[in-house]
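Biologist: I would like to learn how to read pockets, cavities and helix packing. Can we work through one example?

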Amino acid sequence: MDILIGTQGFSYKDWVGAFYPPRTSPKDYLSFYSKLFDTVELDTTFYAAPRESAVENWRAHTPRTFQFSCKLPQVITHQKHLLDAQLELDDFVRRVDTLDDRLGPLLIQMPPQFHYPEIDKLKLFLELLPDKFQFAIEFRHRSWIRADVYDLLRAHNVAWVMLDLSYMPKTFQVTADFVYIRWIGQRKAFEKYDRLQADRSDDLEQWARVIQHLPASVQTVYGYFNDDYAGFAPGSALMLKQKLGLRTVEPQSLWPDQDAGQGRLL
């Protein structure tokens with residue numbers, strides 16, 4: 001089982017001087033990030049399907065083994081609630097498909113206003129998903145926590161997103177041959193995101209046990225941290241990697257000599 005741990009996005013100014021070396025230009029964020037992590041979840045694709053130039057830039061600044069997970073555009077999930085979204089879906093997958101072997105799962109992030117009575121929309125949308133891609137779906141309303149939903153997702157090999165979010169119960173369901181986990185915490189819990197500010201070590205111990213005891217049918221685990229989880233997503237991601245016994249590199253060890261020792265990872 002491959003375990004790929006990263007963060008939700010990588011373009012954050014607060015990380016400069018704490019994760020990225022001081023004075024790092026935004027154009028150099030991704031190449032540095034990819035030296036520490038094997039994957040990233042792209043938030044930018046939620047706002048619009050990516051341009052060809054953006055995809056080319058992502059490929060140019062990462063190694064061949066790096067994996068990008070991409071959110072479906074909000075027009076599909078939040079505006080249309082999955083209904084009559086064939087054209088937008090086709091356009092999106094066509095664009096991200098150029099990532100080729102660096103493309104990880106595609107995240108269907110549903111809004112809290114999307115409730116179980118809309119399940120017929122979900123059923124229709126799942127039928128549209130091309131088999132070529134991996135899909136994971138995140139629900140933010142408790143009404144979706146039910147056996148028939150898990151069975152529906154299993155029938156389409158779509159992963160139930162295991163979610164660590166303040167107002168949602170943790171639900172450890174495996175509905176595909178891969179697992180997708182998102183650590184979000186509580187929105188706007190911190191004023192600045194340049195260091196770990198909450199002790200989530202016990203929670204991460206629990207998550208490490210969940211990952212280590214997944215069924216043998218799971219081929220890959222993708223996991224992504226938000227800054228709101230503990231105040232500093234890279235620090236949380238590195239901490240979990242350590243608990244899982246995965247190889248980690250301290251960011252400051254890759255900084256230029258004149259900047260070494262100035263950062264605040266913890």
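Biologist: What volume does the second largest pocket have?

Modeller: This is a predicted model. The second largest pocket has a volume of about 180 Å³.

Biologist: Which residues line the second largest pocket?

Modeller: Among them are Leu126, Glu127, Leu129 and Pro130, along with His156, Asn157, Val158 and Phe178. Sorted by class, the lining has seven nonpolar, three polar and two charged residues.

Biologist: How much space lies in the largest pocket?

Modeller: About 230 Å³. Its lining counts 14 residues, and Gln8, Tyr12, Asp43, Arg187 and Asn226 lie nearest the centre. Here the classes are four nonpolar, three polar and seven charged.

Biologist: Now the enclosed spaces. How many cavities of 30 Å³ or more does a search of the whole structure find?

Modeller: A cavity is a space where a 1.4 Å probe fits but cannot get out. The search finds one of 30 Å³ or more. The largest cavity has a volume of about 50 Å³. Phe139, Ile145, Trp160 and Met168 are among its lining residues. That lining divides into eight nonpolar, one polar and one charged.

Biologist: And helix packing. At what angle do H5 and H6 pack?

Modeller: Helix H5, residues 119-128, packs on helix H6, residues 147-155, at about 10 degrees, with the axes 11 Å apart. Angles under 35 degrees count as roughly parallel, so H5 is roughly parallel to H6.

Biologist: Which residues of H5 and H6 meet?

Modeller: From H5 come Ile119, Leu122, Lys123 and Leu126; from H6, Asp148, Val149, Leu152 and Leu153. Six residues of this contact are nonpolar, none polar and two charged. Leu126 appears again in the lining of the second largest pocket.

Conventions
Residues numbered from 1 in each chain as written. Predicted model: local features only at pLDDT ≥ 70, side-chain atom pairs only at ≥ 80, totals over all residues. Heavy atoms only, no water. Axes fitted to C-alpha atoms, helices over the stretch in contact; angles between N-to-C directions. Helix = DSSP H or I, 4+ residues; strand = E, 2+ residues; numbered from the N terminus. Parallel < 35°, antiparallel > 145°, perpendicular 65-115°, else oblique. Contact = heavy atoms within 4.5 Å. Nonpolar A, V, L, I, M, F, W, Y, C, P; charged D, E, K, R; others polar. 1 Å grid on protein atoms, 1.4 Å probe; cavity = no way out; pocket = protein on both sides within 12 Å on 5 of 7 lines; lining within 4 Å. Points joined across faces, edges and corners; volume = space filled by probe spheres on them.
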